[in-house]
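Work through the exercises below with the model open. Try each task before reading its solution.

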Amino acid sequence: RALAPPPPPPPPTGTGIGTATATPPPTFARGACFGLFTRGGTSGGGGGMREASPRASAPPGELKSHDPGEGDGPNMAPVPISAKVAAAGISGIFLAYATKYLLEINPSSPLLVQSLAKLSVFAAFFLAYTNGANDIANSVGTSVGSGALTLRMAILLGSIFELCGGLFVGPLVSGTLSHGIIDLESFEATPNTLVKVMFCSILGSAFSTLGATLYGVPVSATKGVITSMVCLALITKGADALNMSGLRLMGFTFLISPIAGMLGAYLLHTAIIKLIVQRPSPGSRAAAFQPFLVAVTIAVSMLSITSEGPLAIDPFPLAILASSIVGGVAGMCLPIIVGIQKRNEDDIVQSAVSE
């Protein structure tokens, strides 16, 4: 199937030159919402990424160009069993946490508060769904656009790692959202109002993130929750209900994080250009540097887990050492995985040529 000839291009529409279709391809963020549950995408060329790798579908010795907005329609493979197993596992974990939360609701609370507390479970799931669809596009959009990952594989990996991030590091963010934005002492006399504020903040952020995702706009659900909580706290209790020190710290991080991201991206881009692209045999140098880059990336990601959260290691230098070991092992395993994958692709091509 991977070596089958591509489907014929769709007939042109209109009187202009070219093969423009009547329906534009959907954005990646929209495909992240619905691509996992569809077989062939939309008509008119939409549908996200190809299921087959560009390298596998190209003739021997030729790397086929890949258009991220180009879809294979009915030729796309069905959802693999691994994706179904992952979806079932994630749903099971959600149901377990939801059941635990529902059992902890105080039965002596007013009926409205109990109802909002129960509905907040589904509102949180709705927010996680929309935020995951948007965040996956932010994280792996470039990998899908370059053809390194298919759309479904990006959704599958993104779902797994979004879940891991929520379980291992999410409690830290939840603690900041619950204590660092509004002053809980202002709601001691009216705890029911606090429940309403939290529920409306979650649901409002979920709808705003969904709307932005459907239009292909990358947004931050965290900022949506924060601004909702600030506005509702001002409406219900006034300025005294705000934790100004926490808001100032968040405002500083919102300002400094894009600057730090731009600076880090510029330094990394400059290093890659000077150490790899502008040197002789850039392909060989890229393959040589790849394990190091993967090791550093995984080590930094692991440090966010080992420094704080449920898997925190104390003291901090020991957390750095553990993260470095995990990253180093991953970097050393990468050439082995790449070699196995390359041999499998060569075997597929050779068997097709012999047939």
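The exercises go from the whole chain to helix pairs and then to single residues.

This is a predicted model, in which local features need pLDDT of at least 70, side-chain atom pairs count only at pLDDT 80 or more, and totals for chains, interfaces and linings use all residues. Residues are numbered from 1 along each chain as its sequence is written, and side-chain values use heavy atoms, with hydrogens and water left out.

**Exercise 1. The whole chain**

Task: State the helix and strand content of the protein chain, and the share of its residues that count as buried.

Solution:
- Start with the elements. The protein chain has eleven helices and zero strands. Here helices (H or I, at least four residues) and strands (E, at least two) are DSSP runs, numbered from the N terminus.
- Read them in order. The pattern is α-α-α-α-α-α-α-α-α-α-α.
- Turn to burial. Of 355 residues, 26% count as buried. Buried means under 20% relative accessible area, exposed over 50%, and partly exposed in between (1.4 Å probe, protein chains only).
- Take the surface. The chain exposes about 21,600 Å², and carbon and sulfur atoms supply 70% of that area. The areas come from the Shrake-Rupley method with a 1.4 Å probe; for residues, only the protein chains shown count as cover.
- Finish with contacts, meaning heavy atoms within 4.5 Å. Among contacts between residues at least 6 apart in sequence, 67% join residues at least 24 apart.

**Exercise 2. α4 with α7**

Task: Find the angle between α4 and α7 and the distance between their axes.

Solution:
- Locate the helices. α4 covers residues 111-145 and α7 covers residues 191-214.
- Read the geometry. They pack at an angle of about 25°, with axes 8 Å apart. Axes are lines fitted to C-alpha atoms, for helices over the stretch in contact, and angles run from 0 to 180 degrees between N-to-C directions.
- Classify the angle. α4 and α7 are therefore roughly parallel to each other. Angles under 35 degrees count as roughly parallel, over 145 as roughly antiparallel, 65 to 115 as roughly perpendicular and the rest as oblique.
- Sort the contact residues. They divide into 17 nonpolar, eight polar and one charged. Ala, Val, Leu, Ile, Met, Phe, Trp, Tyr, Cys and Pro count as nonpolar, Asp, Glu, Lys and Arg as charged, and the others, Gly among them, as polar.

**Exercise 3. α4 with α5**

Task: Describe how α4 and α5 cross, and list the residues that make the contact.

Solution:
- Take the axes. Those of α4 and α5 (residues 151-168) come within 9 Å and cross at roughly 125°.
- Classify. That angle makes α4 oblique to α5.
- List the residues. α4 supplies Gly132, Asp135, Ile136, Val140 and Val144, while α5 supplies Ala154, Ile155, Gly158, Ser159 and Glu162.
- Sort them. Five are nonpolar, three polar and two charged.
- Look again at Asp135 of α4. At 22% relative accessibility, Asp135 counts as partly exposed. Asp135 and Ser220 are 85 residues apart in sequence and 8.2 Å apart in space, C-alpha to C-alpha.

**Exercise 4. α9, α10 and the loop between them**

Task: Characterise the packing of α9 and α10, then the backbone of Ser281.

Solution:
- Begin with the pair. α9 and α10 pack at about 120°, with axes 9 Å apart. This makes α9 oblique to α10.
- Name the contact. Leu275, Ile276 and Val277 of α9 meet Pro282, Arg285, Ala286 and Phe289 of α10. By class, six are nonpolar, none polar and one charged.
- Move to the loop. Ser281 lies between α9 (244-277) and α10. Its phi is near 55°, a positive value in a residue other than glycine.
- Add exposure. At 47% relative accessibility, Ser281 counts as partly exposed.

**Exercise 5. An unusual peptide bond**

Task: Which peptide bond is cis, the one that joins Asp314 and which residue?

Solution:
- Check omega. Asp314 and Pro315 are joined by a cis peptide bond, with omega about 5°.
- Place the bond. Pro315 lies in the loop between α10 (282-306) and α11 (316-354).
- Set the background. Most residues other than glycine have a negative phi, and most peptide bonds are trans.

**Exercise 6. Gln114**

Task: Is Gln114 buried or partly exposed?

Solution:
- Place Gln114 in helix α4.
- Apply the cut-off. At 16% relative accessibility, Gln114 counts as buried.
- List partners. Leaving aside neighbours within four places in sequence, Gln114 is in contact with Ile105, Asn106, Pro107, Ser108 and Ser109.
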